[in-house]
Amino acid sequence: MTGPEFLKGHGTQNDFVVLPDPQARLELTPQRVAALCDRQRGLGADGVLRVATAGALLAAGVLDVLPGGIDPADWFMDYRNADGSVAEMCGNGVRVFAHYLTAAGLVSDSDFVVGSRAGARPVTVHAADVRSGDVTVGMGPVRELGSATVTLAGREFVGLGIDVGNPHVACIDPGLTAAGLAGLDFAVPPRYDPARFPSGVNVEILTAPDADGVRMRVYERGVGETRSCGTGTVAAAAAVLHATGATDGEVVVHVPGGAIRVTIAAGVATLRGPSELVAAGRLNPAWWAGIG
Ligand SMILES: N[C@@H](CCC[C@H](N)C(=O)O)C(=O)O
């Protein structure tokens with residue numbers, strides 16, 4: 001088959017279809033993204049990571065401008081949510097993206113910049129073989145947006161609005177046990193104030209932190225519940241530090257798919273976590289052509 005090349009990978013079980021497309025020649029419509037991510041009629045994933053140079057995406061009209069700090073020659077993570085929508089950033093996606101670039105021999109340095117719509121994201125690849133990666137990502141500035149209320153699982157949660165390049169509401173419920181968190185019904189999308197979050201919002205529900213870190217579940221904008229969300233773990237860490245009156249610190253965030261270590265210092269976050277590449281192949285060209 002000579003259809004587009006793909007890989008499948010995940011970071012703490014937040015899973016992605018990776019589309020190597022250096023020259024940005026693929027017509028990546030929302031319909032094609034949604035079909036790829038569909039777990040019955042496609043490959044199944046929480047999102048798509050197109051791998052292209054920033055300059056190629058600009059020339060192809062996928063990007064109008066290059067966000068600050070990104071060179072045309074830099075690799076750019078063209079991220080799409082499972083419903084076909086575009087999002088500014090994906091913290092787990094950057095780890096899988098950097099792992100793929102290294103494992104495929106497309107970069108040779110361990111430190112380099114990945115472009116995203118939220119700006120340049122410096123990465124350090126500690127390890128990357130054909131299967132496993134271990135990557136630190138500079139997640140950029142963390143901006144607090146004040147208190148916000150959401151309704152999820154039939155309950156009202158008061159949380160902290162946080163911008164990590166994309167929007168989040170991270171809600172700590174001090175009375176929520178790990179078992180109580182696991183038992184919440186995340187089938188129905190959260191309700192939130194659209195005047196506060198006109199482009200939608202990702203919602204994190206957290207237990208109270210303990211010596212071991214904090215437990216989190218997330219309902220992602222444009223996806224639904226996922227087993228991990230990198231930007232969400234940064235929002236969770238920011239909410240934990242805010243609740244304790246701290247500005248800087250390190251928080252381990254436990255998600256259904258694993259654990260991510262988040263550090264926030266002087267309003268800027270980094271995270272470190274794993275990545276795994278699980279499959280590679282070619283799309284059926286007739287299937288691809290048949291989707292709008
Ligand atoms: N899973 C991602 C976040 C993906 C984008 C999000 N759904 C949004 O629409 O903002 C992560 O790991 O950060």
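**Annotated residues and domain contact**

Colleague: Which residues does asparagine 202 touch, not counting residues up to four places away in sequence?

Modeller: In this predicted model, asparagine 202 is part of strand S11, which covers residues 202-206. Neighbours up to four places away in sequence are set aside. The residues that asparagine 202 then touches are Asn166, Pro167, His168, Val218, Glu220, Arg221, Cys229 and Gly232.

Colleague: Does asparagine 202 count as buried or exposed?

Modeller: The criterion for a buried residue is 20 or more other C-beta atoms within 10 Å of its own. Asparagine 202 has 25 C-beta neighbours inside 10 Å, and therefore it counts as buried.

Colleague: In which helix is the place of glycine 91, and is this residue buried or exposed?

Modeller: Glycine 91 belongs to helix H3, residues 91-103. Beyond its neighbours within four places in sequence, it is in contact with Val137, Met139, Gly230, Thr231, Thr233, Val234 and Leu271. The UniProt annotation "binding site", from an unreviewed entry, covers Gly91 and also, among others, Gly230 and Thr231. Because glycine 91 has 29 other C-beta atoms within 10 Å, the answer for this residue of helix H3 is buried.

Colleague: How many residues of domain 1 on the side that touches domain 2 are nonpolar, polar and charged?

Modeller: The domain assignment gives domain 1 as 5-138 + 275-289 and domain 2 as 143-266. Their C-alpha centres lie 24 Å apart. The contact takes 18 residues from domain 1 and 19 residues from domain 2. On the side of domain 1 that touches domain 2, the residues divide into five nonpolar, 10 polar and three charged.

Definitions and conventions
Residues are numbered from 1 along each chain as its sequence is written. This is a predicted model: local features need pLDDT of at least 70, side-chain atom pairs count only at pLDDT 80 or more; totals for chains, interfaces and linings use all residues. UniProt positions are given in the numbering used here, feature names are shortened, and annotations may be inferred rather than shown by experiment. Helices (H or I, at least four residues) and strands (E, at least two) are DSSP runs, numbered from the N terminus. A residue is buried if 20 or more other C-beta atoms lie within 10 Å of its own, exposed if 12 or fewer, and partly exposed in between; C-beta atoms are placed from the backbone. Two residues are in contact if their C-beta atoms, placed from the backbone, lie within 7 Å. Domain bounds come from an automatic or database domain assignment. Ala, Val, Leu, Ile, Met, Phe, Trp, Tyr, Cys and Pro count as nonpolar, Asp, Glu, Lys and Arg as charged, and the others, Gly among them, as polar.
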